[in-house]
Amino acid sequence: MNPQDTNPVVPPMPTPAPVAQPTAPTVADPKISFEDFTKVEMRAGKILSAEKIADADKLLKLMVDFAEATPRQIVSGIALHFPDPAVLVGRTCMFVTNLAPRTIRGFESNGMILVISTVDPVRFSLLEPTGDIPAGTRAK
C-alpha cells in the first residue's frame, strides 16, 4: 500500500463545552389557587401599644385592636426600623389575622403585620390603609 493512498487517522476534535449564557436572576414565582388566597384573612388593626422584647434586637411586641373582645398580641421582627416603638401607637396597619398562633422568644403571636421592603438599598414601609378605615375591616 502506498503511504500516499492512505488517509492518516486524525483524532476527532473534542466538542467544546457550551458557553454559559448570562441570565437574569430568577425570582420564585409560585402560584396559588384563588381558593387558597381566599383563606388568607387580612384585616386592618389599630396598634394600641408597642414595646421592644428584651434580648431580641429585631422583635417588637404589639397589642393590636381588631374590634374583637380583646386586643391581640402580635410579635414582629420590625424593631430595627423603629428605634422608638412608640411611633407605632395609634397607627392602623394591615395584618394577617388567621395564622395559627406561634411562640416567638416565649411570647405568643396571634397574627402578622404586613410590610414591604427592599434589600439594597434598604427601604421599608408598613402597609397602612388610607382614609378612616375602622379596626377589624377585612381586605377584599
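At 42% relative accessibility, Phe-37 counts as partly exposed. This residue belongs to a predicted model, and Phe-37 sits in helix 1, which spans residues 34-38. The chain as a whole holds one helix and nine strands. Of its 140 residues, 26% count as buried. The points below go from the overall layout to the surface, the salt bridges, the backbone and the largest pocket.

**Overall layout**

- From the N terminus on, the order of elements is α-β-β-β-β-β-β-β-β-β.
- That order reflects a total of one helix and nine strands.
- Strand 1 covers residues 42-52, and Met-42 lies in it.
- Met-42 has 19% relative accessibility, so it counts as buried, because buried means under 20%.
- Met-42 and Lys-140 are 98 residues apart in sequence, yet their C-alpha atoms are 8.2 Å apart in space.

**A nonpolar patch on the surface**

- Ile-32, Phe-34 and Phe-37 make a nonpolar surface patch of about 360 Å².
- Phe-37 brings helix 1 into this picture, as Phe-37 is found in that helix.
- The relative accessibility of Phe-37 is 42%. That value lies between the 20% limit for buried and the 50% limit for exposed, so the residue counts as partly exposed.

**Salt bridges**

- The count of salt bridges comes to six.
- One of them joins the side chains of Lys-61 and Glu-51, with N to O at 3.5 Å.
- Lys-61 lies in strand 2 and Glu-51 in strand 1, so this pair ties together parts that are 10 residues apart in sequence.
- The two partners differ in cover: Lys-61 is buried, with a relative accessible area of 16%, whereas Glu-51 is partly exposed at 42%.
- Glu-68 forms a salt bridge with Arg-72, and their closest N and O atoms are 2.8 Å apart.
- Here Glu-68 is partly exposed at 36% relative accessibility, while Arg-72 counts as buried at 17%.
- Glu-128 and Arg-91 also meet through their side chains in a salt bridge, at 2.8 Å from N to O.
- This pair links distant parts of the chain, 37 residues apart: Glu-128 is in the segment after strand 9, and Arg-91 is in the loop between strand 3 and strand 4 (92-96).
- Both partners are partly exposed, Glu-128 with a relative accessible area of 35% and Arg-91 with 25%.
- A network of salt bridges links Glu-41, Arg-43 and Arg-138.

**Backbone features in the loops**

- Ala-67 has a phi near 60°, a positive value in a residue other than glycine.
- Ala-67 lies in the loop between strand 2 (60-65) and strand 3.
- The relative accessible area of Ala-67 is 57%, so Ala-67 is exposed, because exposed means over 50%.
- Arg-105 is not a glycine either, and its phi is positive at about 50°.
- The loop between strand 5 and strand 6 (107-109) holds Arg-105.
- Arg-105 counts as exposed, at 56% relative accessibility.
- Asp-120 and Pro-121 are joined by a cis peptide bond, with omega about 0°.
- Pro-121 is found in the loop between strand 8 (115-118) and strand 9 (123-126).

**The largest pocket**

- The largest pocket has a volume of about 230 Å³.
- It is lined by 15 residues, and the closest to its centre are Val-75, Ile-104, Ser-109, Gly-111 and Met-112.
- Strand 3 (72-76), strand 5 (102-104) and strand 7 (112-113) are the elements that give two or more residues to this lining.
- Strand 3 provides the largest share, three residues.
- By class, the lining has 10 nonpolar, four polar and one charged residues.

Conventions. Residues are numbered from 1 along each chain as its sequence is written. This is a predicted model: local features need pLDDT of at least 70, side-chain atom pairs count only at pLDDT 80 or more; totals for chains, interfaces and linings use all residues. Side-chain values use heavy atoms; hydrogens and water are left out. On a 1 Å grid over the protein atoms alone, a cavity is a set of points where a 1.4 Å probe fits but cannot get out, and a pocket is an open set with protein on both sides within 12 Å along at least five of seven lines; lining residues have an atom within 4 Å of a point. Grid points are joined across faces, edges and corners, and a volume is the space filled by probe spheres set on the points. Helices (H or I, at least four residues) and strands (E, at least two) are DSSP runs, numbered from the N terminus. Ala, Val, Leu, Ile, Met, Phe, Trp, Tyr, Cys and Pro count as nonpolar, Asp, Glu, Lys and Arg as charged, and the others, Gly among them, as polar. Patches are made of residues with over 30% relative accessible area and no salt bridge: like charges are joined within 9 Å, nonpolar side chains (Val, Leu, Ile, Met, Phe, Trp, Tyr) within 5 Å. Accessible areas come from the Shrake-Rupley method with a 1.4 Å probe; for residues, only the protein chains shown count as cover. A salt bridge is a side-chain nitrogen of Lys or Arg within 4 Å of a carboxyl oxygen of Asp or Glu. Buried means under 20% relative accessible area, exposed over 50%, partly exposed in between (1.4 Å probe, protein chains only).
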